[in-house]
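Please open the model in your viewer and keep the sequence panel visible. The tour below proceeds by selection, from a sheet to two individual residues.

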Amino acid sequence: MRMTSSTIRTRWSPKRDKATPHHRRAAKAAAAVAAGALALSLTACGGDDDGNSGTQGNTEETANNVTLPKLDGTSLEIAAVWTGAEQANFKKVLAEFEKRTGAKVTFVPAQDPIINFIGSKVAGGQPPDIAMLPQPGAIKQAVDRGWAKPLGADALKELGENYSQGWQDIGKVGGKQYGVYYKAANKSLIWYNNQVFENAGASEPETWPDLLKTAQTVYDSGVTPFSVGGAEGWTLTDWFENVYLSQAGPEKYDQLAKHEIKWTDPSVKDALTTLAQVWGKSDYVATGALQTDFPASVTQVFTGGDQPKAAMVAAGDFAQVNIPTTMKVGTDAKVFPFPAVGDNGPVVSGGDAAVILQDSKGAQALATWLASPDAAQIQAKLGGYLSPNKNVPNSAYPNAVQQRIAKALIDAGDDFRFDMSDQAPQAFGGTPGKGEWKILQDFLKNPKDVAGTQAKLETEAAAAYGG
C-alpha cells in the first residue's frame with residue numbers, strides 16, 4: 001500500500017457488532033486515523049528493506065515474558081492446515097515451547113475443511129490437543145459440537161495484556177473465550193511487479209476506476225494485468241469481500257455475513273457486476289486462472305523478467321513467502337491498498353485461532369504460549385506472518401514493508417472487518433469444491449451470470465445457515 005501523504009483516502013471499517021449512531025461516528029473517526037496510518041505506513045516502501053523473508057530479521061534472542069509450567073513427559077498434538085514454509089516456521093515456535101517446558105509437541109498436518117478433519121479425529125477418539133482454526137464459524141461449530149474447551153486463567157491473562165478487545169471477541173462463543181488468534185492477515189492488498197509498472201508508465205490506483213485504467217495501461221504495454229488463483233475458492237471470496245465492503249458499506253457487510261440479508265439482495269448484484277469488470281475481460285486475467293493455486297498466482301507475477309504472466313495479484317500480506325528471493329520486497333515487489341469501490345476503501349482481515357480440544361495442563365500452557373508476544377516474535381522474524389498481538393516489537397518483522405503492514409494492523413485496534421466467508425458456516429464459506437468457493441469459481445468462468453450466481457449463493461447459504 002504505497003501512498004504519499006497528499007493522497008491518503010479515509011478508510012472506514014468499524015467494529016463487527018452493530019453500533020449506535022454515536023459509536024458509528026466514533027468508529028468512523030478512528031478508522032480515518034487508522035487508515036491514515038495504513039496509507040502512510042506503506043509510503044516509500046523501498047530503500048530500507050532487508051529482503052523478503054527467511055532469517056533476515058531481528059536476530060536478538062527471543063524475549064522471555066511469559067511464565068510456563070514444567071511439562072517434562074507431556075506429549076501434545078497441534079493440528080493446522082499449514083504447509084511449506086508456514087509449517088516449518090511454526091514448528092520453530094513449537095520447538096521453543098518444548099525447550100522452555102520439556103513437553104513434546106507434534107505438528108499434525110490437517111486438510112481443508114479442518115472442521116471435518118477434526119470431526120474424524122474426534123470420532124476416532126484421538127483429537128489433537130489443539131487445532132488452529134481459520135474461521136470464527138469453525139470455532140462456533142467446534143463449541144456447538146462439544147469439542148472445544150474454554151481457555152484457562154493464564155491464557156486469558158495473556159490475551160488481556162496482548163490483544164485488542166476486537167481480536168479477543170472474535171475468539172468468543174456465548175461470551176466465553178475459546179480462541180487465541182495467533183496469526184492475522186491483511187487481505188486488502190494488491191501486490192505488483194514494479195518493473196512492469198515502470199515499463200508501462202502505470203501508477204498505483206486509489207479507486208476502482210483508477211484500477212481499471214491501470215489495468216488497461218499495463219495491458220497496452222503487453223502484459224496481462226491480473227493473476228488470479230482461482231483453483232482455490234477462498235482467493236475469490238477475498239476479491240468479493242473487498243469489493244462488497246467498500247461498495248455496500250460495513251452495515252450491509254455485517255448483515256450479509258450473518259445472513260440477515262439474502263445473497264439475492266441488490267447489493268450483491270452490484271458487487272458481482274463490479275467484479276465482472278475485471279473477471280469478465282479475458283485479456284485482464286492470466287490464462288488458466290481456475291487451474292492456478294494461490295502460491296502460483298503470486299509467483300507468476302514475479303517471475304519472467306519484465307514479461308511475467310501477469311502484473312498484479314490481489315493477496316494478503318502472507319503472499320510474501322511466495323515471492324521469489326530474487327525479487328526484493330519494497331523495490332521489485334511492491335504493494336498498494338485494495339482500491340476504493342465506494343466512498344471508502346476496504347480493510348478486511350483474517351486469522352487463525354488456537355482452540356483447545358483436549359483440556360489439560362499442557363494444552364492450556366500451549367495456548368498461553370501462543371497468546372504471548374514471545375511466541376509470535378519468533379515467527380515474525382521469519383517473514384510471511386502477521387500477528388494481532390500488540391506487544392510484538394515491530395522490529396521483529398524482517399523487512400520494512402512487513403513492519404509497516406504490522407504497525408498498521410496494530411494501530412487499527414478494533415477497527416477492522418473479519419473475512420466474511422470465515423464467519424460463515426464452513427459448509428458455505430470454507431469447503432473446497434462447495435458453497436461460496438465453488439459458486440465464485442463458476443462465476444469466474446462465466447461472469448455474465450450475475451442473477452444465476454446470486455440464486456445459487458442464496459440457496460447454499462440458506463441451507464448452511466439453517467434457513
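Two strands are taken to pair if DSSP finds at least two bridges between them. The model under inspection is a predicted one.

**The sheet.** Begin by selecting strands E7, E8, E9 and E10. These four strands form an open sheet with mixed pairing, in the order E8-E9-E7-E10. Strand E8 (226-227) and strand E10 (333-337) occupy the edges; each has a single partner strand, so one side of each is left without a neighbour in the sheet. In general, the strands of a sheet pair through backbone hydrogen bonds, in either a parallel or an antiparallel manner.

**One pair within the sheet.** Restrict the selection to E7 (residues 189-193) and E10, which run antiparallel and are joined by five bridges. Display Ile190 next, and Phe336 of E10 will be found opposite Ile190.

**The helix across the sheet.** Add helix H8 (residues 208-220) to the view. Helix H8 lies across E7, E8, E10 and strand E9 (312-314), and runs at about 145° to E9.

**Two backbone features.** Most peptide bonds are trans, and most residues other than glycine have a negative phi. Select Asp112 and Pro113: the peptide bond from Asp112 to Pro113 is cis, with omega near -5°. Pro113 is placed in the loop between strand E2 (104-109) and helix H3 (114-123).

Finally, move to His259, in the loop between helix H10 (250-257) and helix H11 (266-279). The phi of His259 is positive, near 60°. Is His259 buried or exposed? His259 counts as buried because its relative accessibility is 14%, and buried means under 20%.

Conventions: Residues numbered from 1 in each chain as written. Predicted model: local features only at pLDDT ≥ 70, side-chain atom pairs only at ≥ 80, totals over all residues. Heavy atoms only, no water. Helix = DSSP H or I, 4+ residues; strand = E, 2+ residues; numbered from the N terminus. Buried < 20%, exposed > 50% of the residue type's maximum accessible area, 1.4 Å probe, protein only. Contact = heavy atoms within 4.5 Å. Axes fitted to C-alpha atoms, helices over the stretch in contact; angles between N-to-C directions.
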